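Student: I have a new model open on my screen. Could we talk through how its parts pack together?

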Amino acid sequence: MYCANCGQQIFPNSTGTCPNCGAPIGQNAPTDAVPPQYAPPPYVPPMPYPVPPTVSYEDADVILKIVCFFVPLVGIILYFVDRDTKPVSAKQCLNMSLIGLGVSVGISILAVVVWFVFVFGMVATFS
Ligand SMILES: [Zn+2]
């Protein structure tokens with residue numbers, strides 16, 4: 001804004017009197033500054049990239065795969081939840097779950113086999 005008396009530019013945070021001529025500066029002092037209500041809206045930079053699509057074809061997170069491997073139920077649920085929005089990730093999670101499930105079943109069968117071999121071995125040894 002400018003001083004109504006001498007025309008000196010006055011910074012908006014100045015109060016009281018004009019630093020140049022001493023004339024009082026108030027709400028009623030005429031000014032050629034643009035009233036705030038007519039100020040242009042703040043500049044908003046445009047988005048550098050277009051809005052990403054809702055469907056993601058990115059690979060599943062490694063940690064997520066590990067979780068799916070050890071907790072197959074998580075991967076199976078994730079598959080049905082994410083198959084529309086993240087088809088690649090969902091499929092990978094399902095695969096890891098199935099592999100984890102297979103490994104679990106395999107270890108279980110192996111444990112049973114080892115147990116039987118051990119028991120029958122003991123019986124054969126001490127009978
Ligand atoms: Zn002045």
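Student: At what angle do α1 and α3 pack?

Tutor: Two packed helices are described by the angle between their axes and the distance between the axes. Helices here are DSSP runs of H or I with at least four residues, numbered from the N terminus, and axes are lines fitted to C-alpha atoms over the stretch in contact, with angles from 0 to 180 degrees between N-to-C directions. This is a predicted model, where local features need pLDDT of at least 70, side-chain atom pairs count only at pLDDT 80 or more, and totals for chains, interfaces and linings use all residues. Residues are numbered from 1 along each chain as its sequence is written, and the axes of α1 and α3 lie 7 Å apart, at an angle of about 35°.

Student: Which residues of α3 make the contact with α1?

Tutor: Two residues are in contact if their C-beta atoms, placed from the backbone, lie within 7 Å. From α1 come L64, K65, C68, F69 and F70. Their partners in α3 are Q92, C93, M96, S97, I99 and G100.

Student: Why are K65, C68 and F69 on the same side of α1?

Tutor: These three residues of α1 (62-70) are buried, meaning that 20 or more other C-beta atoms lie within 10 Å of their own; 12 or fewer would be exposed, and in between partly exposed, with C-beta atoms placed from the backbone. I63 and I66, on the other side of α1, are exposed. The buried ones share a side because they cover an arc (of the directions from the helix axis to the C-beta atoms) of only 100° around the axis.

Student: Which element gives the most residues to the largest nonpolar core?

Tutor: A nonpolar core is a set of buried Ala, Val, Leu, Ile, Met, Phe, Trp, Tyr and Cys residues joined through C-beta atoms within 7 Å. The largest one has nine residues: A60, C68, F69, L78, Y79, A90, C93, L94 and M96. Two or more residues come from each of α1, α2 and α3. With four residues, the element that gives the most is α3.

Student: Is F80 buried or exposed?

Tutor: F80 sits in α2, which spans residues 72-82. Its C-alpha atom is 9.1 Å from that of L94, 14 residues apart along the chain. Because F80 has 10 C-beta neighbours inside 10 Å, it counts as exposed.
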